[in-house]
Amino acid sequence: MVSLDMSTDRRCMLCHHGSTQGCLRLLQLRAYLSFRKEHDAMPTHPKVPCNGSVYANVSAQEAVRRFLGRYRRIMLGTSIVLAVFLVSTLSQAPSTEGVVIYAVACLCVLCVTVALNRRNFIRLMGILSVDCDAQKMLEAISLLMEKRKRRRETPTYEVLYAMCSAQLGCDDIALQWVGKVEATPKLSLSNKLLACNVRMVVARHRDDWDALANARGRVVALCPSGRGFVVARRIADLIVTWIDFDLALKDKEWQRCNELLGSMQSLSTTRQQEVS
């Protein structure tokens, strides 16, 4: 893996930002909270109890070991089922109907395999989205980047590494990884949106309103349409709403903050999104 002057970044911990910017943001939040107390217009939603992810009580190393073990079992099961279908088809007299049935069966098995692998990865992502443990997720992604060097998977690991770095306050490292990810040919829409999200987080840390507005423009330009992009559109809408909230907070538009906070709560699907 290319270092990009990041040989020690995999052990970086939470950084401390300038006190002036932190105090300014704290004053803005206090003013907004005073407005809410006076107007009592805060939208509410029921709190959902969170018991942690399936990897909440294990180390990053153990989480990766279980994740990869489950992946291998899924792929082994898929190979066995496909082999059984193939032997069954070849044992019968050749026919067009038999070939069609075999093709349909293979398609169904592959769809199930994709769904199971996706669920497996989402469970691993629970370290960040449910447990909100960016340091542990960073360590897990580092291990995956060392163990799995498939070109198709690499951009996803890299953008998640950038996100964890940003969550830990390592903004320069996060931007380096995002730049590397964005240079990837044929980058998927989900990874493009995640890259914009990283830039948004870094801009918020630095109170860089121009960069924040630029990130918003990127997300709007990427915002997909059509029935096949419901999840991606929801993510894009959530990122735009986050940015609009920060801009409204800066301008002390308290009522607008209230409205946007309600939108964020309705769009958030994970604990990590809610506490961001």
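Me: What relative accessibility does K180 have?
Reply: Heads-up: this is a predicted model, where local features need pLDDT of at least 70 and side-chain atom pairs count only at pLDDT 80 or more, while totals for chains, interfaces and linings use all residues. Residues are numbered from 1 along each chain as its sequence is written, and side-chain values use heavy atoms, with hydrogens and water left out. Buried means under 20% relative accessible area, exposed over 50%, and partly exposed in between (1.4 Å probe, protein chains only). K180 counts as partly exposed, because its relative accessibility is 25%.

Me: Which residue does the side chain of K180 meet in a salt bridge?
Reply: A salt bridge here is a side-chain nitrogen of Lys or Arg within 4 Å of a carboxyl oxygen of Asp or Glu. The N to O distance for K180 is 2.5 Å, and the partner is E158.

Me: How many residues apart are E158 and K180?
Reply: Helices (H or I, at least four residues) and strands (E, at least two) are DSSP runs, numbered from the N terminus. In the salt bridge of E158 and K180, E158 belongs to helix α5 and K180 to helix α6 (residues 171-182). E158 counts as buried because its relative accessible area is 2%. The pair links distant parts of the chain, and its separation is 22 residues.

Me: What N to O distance separates D172 and R206?
Reply: The side chains of D172 and R206 meet in a salt bridge, with N and O at 2.4 Å. This pair also links distant parts of the chain, with D172 in helix α6, R206 in helix α7 (residues 189-206) and their positions 34 residues apart. D172 is exposed because its relative accessibility is 55%, whereas R206 at 33% is partly exposed. The distance again: 2.4 Å.

Me: Which residues do salt bridges that share partners join into one network?
Reply: General background first: side chains of opposite charge can pair when their charged atoms come close. In this structure there are ten salt bridges. Those that share partners join into one network E62, R65 and R66.

Me: How far apart are the closest N and O atoms of E153 and R148?
Reply: Both E153 and R148 are buried. They form a salt bridge, and the closest N and O atoms are separated by 2.7 Å.

Me: Which residue's backbone oxygen lies 2.9 Å from a polar atom of the side chain of S165?
Reply: S165 sits in helix α5 (residues 154-167) and is buried because its relative accessible area is 0%. Contact means heavy atoms within 4.5 Å, and S165 touches L138, C170, I173 and A174, leaving aside residues up to four places away in sequence. The backbone oxygen at 2.9 Å belongs to Y161.

Me: How far apart in space are S165 and L138, C-alpha to C-alpha?
Reply: S165 touches L138, as noted. They are 27 residues apart in sequence, and their C-alpha to C-alpha distance is 7.3 Å.

Me: Which residue's side chain does a polar contact join to that of T113?
Reply: T113 lies in helix α3 and counts as buried because its relative accessibility is 7%. Beyond residues up to four places away in sequence, T113 touches I74, M75 and T78. A polar contact is a pair of N or O atoms within 3.5 Å; within protein, one must be able to donate a hydrogen and the other to accept it, and residues adjacent in sequence count only if both atoms are side-chain atoms. For T113 the distance is 2.6 Å, and the partner is T78.

Me: How far apart are the end C-alpha atoms of α2?
Reply: The expected span of a helix is 1.5 Å times one less than its number of residues. What covers the buried residues of α2 includes α3 (96-129) and α4 (134-147). With 31 residues, α2 should span 45 Å, and its end C-alpha atoms agree, at 45 Å.

Me: What relative accessible area does F85 have?
Reply: F85 is in helix α2 (residues 60-90). It belongs to a nonpolar surface patch with L76, I80, V81 and V84, about 430 Å² of accessible area together. Patches are made of residues with over 30% relative accessible area and no salt bridge, joining like charges within 9 Å and nonpolar side chains (Val, Leu, Ile, Met, Phe, Trp, Tyr) within 5 Å; accessible areas come from the Shrake-Rupley method with a 1.4 Å probe, and for residues only the protein chains shown count as cover. F85 is partly exposed because its relative accessible area is 31%.

Me: Which residue takes a positive phi just after α7?
Reply: α7 has 18 residues and reaches 26 Å from its first C-alpha to its last, close to the 26 Å expected. Just after α7, a positive phi of about 55° is taken by D207.
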